[in-house]
Each structure stands twice: as structure tokens, then as C-alpha cells.
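Reader: I have a structure to look at and some terms to pin down. Can you take me through the reasoning behind them?

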Amino acid sequence: MTKTCKYVALKNYIPQGLPTEDDFEIKTKEIKLNNKNNIHVLNSWISVDPYMRARMTERKNYKPPFKLGEEMEGYAIGSVQESDDDYFKIGDTVFSNFGMRDNFVCNSGQIKKIHSTDLPIQSYLGPLGMTGQTAYIGLFNYGKLKAGQSVLVSSAGGSVGSTVCQIAKNLGCTVYASTGSDEKVKWLKNELNVDHAFNYNKVENLVLYFKEICPEGFDLYFDNVGGDFLESAIFRMKNFGRIVICGRISQMNVTSPPSGLKNMAHVLVKRLTIKGFLIFDHENDNEPFETDMKDWLKNNKIKFKETVYEGLENAPKAFIDLLNGKNIGKMLVKI
Ligand SMILES: NC(=O)c1ccc[n+]([C@@H]2O[C@H](COP(=O)([O-])OP(=O)(O)OC[C@H]3O[C@@H](n4cnc5c(N)ncnc54)[C@H](OP(=O)(O)O)[C@@H]3O)[C@@H](O)[C@H]2O)c1
């Protein structure tokens with residue numbers, strides 16, 4: 001039987017600056033179950049993520065640009081409505097990369113069944129999903145996190161950052177968390193128990209501020225923002241410190257050339273390790289991440305917060321607001 005799929009499409013590429021809602025459109029198309037696509041899924045949760053911004057330009061990146069006028073891919077959770085497949089049954093909860101659409105048809109190779117549903121299903125887009133795994137792999141595989149270290153985290157009130165803070169706290173580290181609003185500062189301090197949270201918009205000179213709050217310097221900096229913040233952190237790292245380059249959100253929408261590091265001498269003299277990584281290289285590195293994360297979540301050692309926008313039509317706004325820092329924790333769209 002033919003069905004109608006409603007989806008979000010990019011209307012035009014956005015070479016620089018912040019996207020606006022006019023850059024997107026809501027469209028419909030007919031879809032059909034057939035021998036090749038024998039599973040029908042209704043989406044219930046959609047993830048919006050900063051990496052999508054890079055796919056909105058024509059520039060070559062680690063993922064190709066979104067195709068104009070077509071469905072924007074991204075992580076989503078849904079439930080199976082019809083299935084001709086032995087493994088996927090009606091009612092199964094599934095994870096996909098079918099993103100910004102209300103329903104779709106696919107084959108068994110394109111979705112993953114979620115077996116454990118004792119945690120809210122949308123946590124598979126947050127702490128148990130890509131952002132949680134990014135925090136975990138970034139800290140352990142690249143940051144070589146050790147108990148008792150001093151750890152600086154930027155964009156700490158967001159999905160990856162808040163998970164990084166809590167994992168580090170679970171290991172007995174001292175956590176310094178930077179975020180963009182007083183409300184997020186309060187959440188980080190009062191509920192996530194970070195040792196020191198601050199609003200970077202209120203700090204005049206980051207280097208001096210870091211010196212004041214952590215005079216001995218940082219062992220590890222988990223960098224979600226890049227730009228001047230990264231440069232300031234380099235000034236205040238300990239000898240042999242490690243910097244994990246996870247994201248560069250402060251540079252994603254700039255309209256002038258991005259800032260470059262002017263203090264490489266500190267990298268040399270302090271013998272720093274600076275390492276970039278992409279979680280897409282670790283899609284199959286599920287263990288020990290999943291076991292540890294489920295354990296932490298069940299024991300309330302990782303708390304997660306969501307900012308939820310309702311309705312597929314609001315997905316572009318959710319994405320733009322994510323870039324503008326309107327989210328606390330994971331930004332999600334419920335449909
Ligand atoms: N390497 C990887 O494989 C990988 C995977 C996932 C995510 N990431 C990166 O990790 C970072 C966090 O991702 P997420 O999904 O957890 O997003 P998020 O932190 O939940 O949301 C993005 C946050 O970025 C902050 N921000 C926006 N503009 C900024 C600016 N000019 N300066 C400083 N902060 C700014 C805002 O918070 P404030 O209120 O603090 O400004 C906003 O809430 C992003 O850079 C993302 O690209 C990398």
C-alpha cells in the first residue's frame with residue numbers, strides 16, 4: 001500500500017553564518033512497501049546534532065552535503081508498523097539514520113533493533129547513543145582519562161559536554177565546566193556536581209580566569225568549541241597535558257575567517273598531545289561503552305536532561321536553537 005511521508009529538506013546551501021528557518025522546507029512524498037523495502041517504521045524521536053551544519057554547505061566533509069529538496073538524514077528512533085522480515089516484528093523499537101521524516105520504508109540492513117527498553121527509548125539518541133559514545137570514546141580512547149585528573153570541558157551544558165563532566169566525576173576527577181548561560185551553570189553545579197561551572201560569556205579574560213580557578217593547570221581539556229577558547233586552554237595546560245578535539249562549534253557559523261592558534265610554542269614547550277577524533281570511526285566500538293553507560297544510568301551516576309521540541313515542522317527551529325545554545329542537555333524533536 002502507498003503511504004505518505006512528510007519530511008524536512010534543505011532548500012539551499014548555507015556557505016556561512018547561522019541557518020534560518022527559511023533555509024528549510026517541509027515536503028511530502030509517496031512511499032511504498034515492496035520486496036526490497038519490506039519494513040515500515042514510524043519515527044517518534046529525531047536527533048538534531050551540530051555535525052549537520054557541515055552538511056549544509058557544498059564543501060567536502062567527512063559526510064557528503066545534504067541533497068537539496070530531499071529528506072535530511074540523521075539519527076532517529078521509531079517503531080515497526082509493518083514487516084515482512086523474520087527478525088523485525090511489529091512494535092519493535094528501532095534506531096535508524098532516516099532522520100527528519102515522520103515515517104519510512106526500509107530493509108533490515110538499514111535499521112537496528114533496540115532490545116532494552118527499561119530506559120526511555122530516546123536515551124538511545126543521547127547518553128546511550130552517539131553523543132554518549134562520543135563523550136566516552138573521546139575521554140578514554142583519546143584523552144586517556146585517569147582518576148583524579150583536572151579536566152576542563154567546554155559546551156558542558158550540552159549533550160556531549162554534560163556526559164563528559166559526569167564520566168570524569170565518576171572517576172574522581174576535578175571538573176571545570178564552561179557553558180553559555182547561568183541556568184546551565186546552576187544545573188551543572190547543583191545537579192551534576194561539577195567542581196567549578198562558569199558562564200563563558202561573563203568571563204573577560206579566559207586565560208587569567210583559568211589561572212584563578214585552577215592555578216596548577218589542566219591535565220585534560222575536552223574541546224567542543226575550538227577558536228579562542230582552545231587557544232586560552234592551551235596557555236593553561238600542565239606539562240604533558242592532553243587536549244581532545246571533539247568539536248569546533250564556535251567556528252561553525254563564523255562569517256569571517258576562523259581563528260587560528262597563535263600559541264603553538266606552548267604545545268611544544270609543554271609537550272602537549274592534541275588529538276582530533278570522529279565518532280563515525282567507532283561505530284562498532286560498543287563495549288565497554290554500553291555496559292558502563294547502562295550501569296551509570298541505572299545507578300543515577302549519569303543524569304541526562306533533554307530539551308524537546310514537538311512536531312516535525314519544528315525540527316529546523318530545534319536545529320537552529322541548538323546552534324544558538326537554547327538547549328540544556330540533548331536537543332531532541334518528538335513527533
Ligand atoms: N567528534 C565527533 O565525532 C563528535 C560527535 C558528536 C558531537 N561532536 C561535537 O561536540 C560538540 C557538542 O555536541 P552536542 O551534540 O553535545 O551539542 P550541544 O553541546 O548539546 O549543543 C551545542 C552547544 O554549543 C554551544 N555553542 C554554540 N555556539 C557557541 C559558541 N560560539 N561558543 C561556545 N559554545 C557555543 C551552545 O551551548 P552554550 O550555551 O554553552 O553556548 C550549544 O548548546 C559539538 O562541537 C559537536 O560538533 C563531535
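Reader: Which hand does the crossing of α5 and α6 have?

Author: The crossing of α5 and α6 is right-handed. Keep in mind that this is a predicted model.

Reader: Why are α5 and α6 called oblique to each other?

Author: The axes of α5 (residues 206-213) and α6 (residues 227-235) cross at roughly 45 degrees. Angles under 35 degrees count as roughly parallel, and 65 to 115 as roughly perpendicular. The α5 and α6 pair is therefore oblique. Their axes come within 9 Å.

Reader: Which residues of α5 and α6 meet?

Author: From α5 come Leu 206, Val 207 and Phe 210. They meet Phe 229, Ser 232, Ala 233 and Phe 235 of α6. By class, this contact has 6 nonpolar residues, 1 polar and no charged ones.

Reader: What makes α2 roughly perpendicular to α9?

Author: The axes of α2 (residues 130-142) and α9 (residues 289-298) cross at roughly 115 degrees. The range for roughly perpendicular is 65 to 115. So α2 counts as roughly perpendicular to α9. This crossing of α2 and α9 is right-handed.

Reader: What makes the approach of Ser 155 to the ligand a polar contact?

Author: A polar side-chain atom of Ser 155 lies 2.9 Å from an oxygen atom of the ligand. The cut-off for a pair of N or O atoms is 3.5 Å, so the pair qualifies. For Val 160, a backbone N or O atom lies 2.7 Å from a ligand oxygen atom. For Gly 180, a polar backbone atom is 3.0 Å from an oxygen atom of the ligand.

Conventions:
Residues numbered from 1 in each chain as written. Predicted model: local features only at pLDDT ≥ 70, side-chain atom pairs only at ≥ 80, totals over all residues. Heavy atoms only, no water. Axes fitted to C-alpha atoms, helices over the stretch in contact; angles between N-to-C directions. Helix = DSSP H or I, 4+ residues; strand = E, 2+ residues; numbered from the N terminus. Parallel < 35°, antiparallel > 145°, perpendicular 65-115°, else oblique. Left-handed = near helix turned anticlockwise from the far one by under 90°. Contact = heavy atoms within 4.5 Å. Nonpolar A, V, L, I, M, F, W, Y, C, P; charged D, E, K, R; others polar. Polar contact = N/O pair within 3.5 Å; in protein donor to acceptor, adjacent residues only side chain to side chain.
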